Amino acid sequence: MAEPLNLTGLTGLDVDQPGVCTIEASCVTGFETMAQEEIKELLDCDGTVHRGRVLFDFPVSRVKELRRLRTVNYLWVMVGHTHKFAYPESSEDQLVSLADFASSLKWEKALGVWRDAFDFNGTIFPDTRVDTAEVSKKPKLEDKPSFRCTCYRSGTNHKFKSTEGAIAVGGRIHDMFNWNVKMKDYDLEVVINCDVDQVYVGIALTNTSLSNRTISHYGPTSLRPTICAGLIRLAKVEVGDVVLDPMCGGGSIPLEGSLMNRGAFFIGGEIFDKGIVRTRENIVDVKGKHDLPISPSVDCLQWNALQPCLRDNSVDVIVSDLPFGKRSGSKADNRVLYPQTLLAMARLVRPETGRAVLLTQDKNSMFKSIGKVSKYWKLSRNIGCNIGGLKALVFLFNRTKESPILSPDTVSRPTKESPIESSDTVS
C-alpha cells in the first residue's frame, strides 16, 4: 500500500491560486533526498518527500524549467486529490464513483500547465456555444489532443481491475472534453492513482522518462542516467574536481556528470572493447542531442581498473557502478575484485579530501572488503535504493591520510575474457 500524500502547506490545488500548481516528481526509491535537494537548488522550491516521489508547488509561468531536473524520471501536474474516498460495495459502483470524482475536478489550471509545457496550440476545451450552426463546425481531428488514461492501484479494497478503472475514468473524460483516444503516441496522459482511501488525478508532463535524454547507445546493463545523477549529487562534485569512473561501461556516469557539473572534468575507464566504443559514441552524440555549443568535459580510455594508468593522488572523486555479480561476473569474483579495486583507487585519489561513491547490489562482498582497505578508506555511510527491482546500497567513502604503494604484482590481472570486471549494472 502506498503511503498517503502529505499535501500540508501545498497550495497548487487551490483554485484561488491560479499562478501556482502542484507537481509530483518520481525518482529512484532511496534517492528522494537527492531529488529534493536538486528541486531546491535548481527551482528554489521546497519539496515534500514520499517513497519514490517528491511533491512541490511551482509557478505555472515557469513550467518549462521542470525539465532541468536530472534526478527525476517522470513529472505530473496534479488535478485533484482526496484522502477520504469511500468505495461503494460493488465493482460497478466503485467505477462510477471514480469517474464521478474525476469529472468533479477543476481541470482548467492543470490543462493550462500541460499546454504550456508541450506548446500545444490545438483545441483543449469543448465548444459550449449555443448556436447550432457554429457547434456543428466541429474542430478537425488533428486540432484536438489525443489522450489515454492510466490507473494505478494499491490496496485490497478495490473490486475492479486497473484496466477497468482506466476505461471508466477515460470514458468520462472523453465525454467531458471529446478528445481523441489513442493508446500509443498520444499527446496527453491522464493518471488516476487509487489507494485504500486516497485517490488523486494527475496529467503527465513527460510522455517518456527523462532518463532517455542522455544515452543513445545502450549496453546490456546500462545504468539509467537519472540514477547516475543521484550518485553524482552524493559525491558533492566541486569546480575543478577530477572525477573518475574506473568501470564506466557505456559511460553513463561520466557523461551525466559532465552535463551536471560543467566546471569539473570526468574520466571513464573500461576494459571491454564494446564498452569503450559505446562510451565514445555517446560522448559524440550528446553534443548534438542537447544542442551544446561545445562538447562536455569528459573523456574515456581503455584500461584495467586494477592497474590504472594515472598519477598518484591525481583524482578527487570516484563515482562508479560496481558489477552486481548477476548479469556480468559473479559474487565469487566480486570478493576478489572489490578490495583490489578499492586498493588500486586509493593510490589515485587524494588523501584526506578524496571520496568515493560506489553502487552495488552485492552488499556482502563490499562489507567484507571494507576491513581489508580500512587503512585507506573510511566508510561514512550507506544508502539503500531500488535498482531495477534489486535492493542495492550506495557506499560513501572518504580517503584517509595513508596512501598505498603498489607494485605490478600486488593485484591480479584479469583479461578481457574474464568476467571479473563489468560495465554498468542492471537498470
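**A tour from Ser 97 to Val 237**

Select Ser 97 to start: its relative accessibility is 15%, so Ser 97 counts as buried, the cut-off being under 20%. The model is a predicted one. Widen the selection to residues 91-104 and you have helix α2, where Ser 97 sits. Now show what touches Ser 97; apart from neighbours within four places in sequence, Phe 85 and Pro 88 are in contact with this residue.

Next, go to the sheet. Its 8 strands form an open sheet with mixed pairing, and can be followed in the order β2-β3-β1-β4-β8-β7-β5-β6. Select 48-50 for β2 and 180-181 for β6: these strands stand at the edges, and because each has a single partner strand, one side of each is left without a neighbour in the sheet.

Move inward to β4 (residues 72-82) and β8 (residues 199-204), an antiparallel pair joined over 6 bridges. Within this pair, pick Thr 82 and look across to Val 199 in β8, which stands opposite. Then add residues 108-118, helix α3, which packs on the sheet. Helix α3 touches β1 (20-27), β4, β7 (188-194) and β8, and its direction makes about 25° with that of β8.

The last stop is Val 237, in the loop that runs between α6 (225-235) and β9 (242-245). Is Val 237 buried or exposed? With a relative accessible area of 14%, Val 237 is buried. Display its contacts beyond four places in sequence: Ile 232, Val 243, Asn 261, Ala 264, Phe 266 and Arg 355. Finally, set a C-alpha to C-alpha distance from Val 237 to Met 260; the two are 23 residues apart in sequence and 9.5 Å apart in space.

Note on methods
Residues numbered from 1 in each chain as written. Predicted model: local features only at pLDDT ≥ 70, side-chain atom pairs only at ≥ 80, totals over all residues. Heavy atoms only, no water. Helix = DSSP H or I, 4+ residues; strand = E, 2+ residues; numbered from the N terminus. Buried < 20%, exposed > 50% of the residue type's maximum accessible area, 1.4 Å probe, protein only. Contact = heavy atoms within 4.5 Å. Pairing = 2+ DSSP bridges. Axes fitted to C-alpha atoms, helices over the stretch in contact; angles between N-to-C directions.
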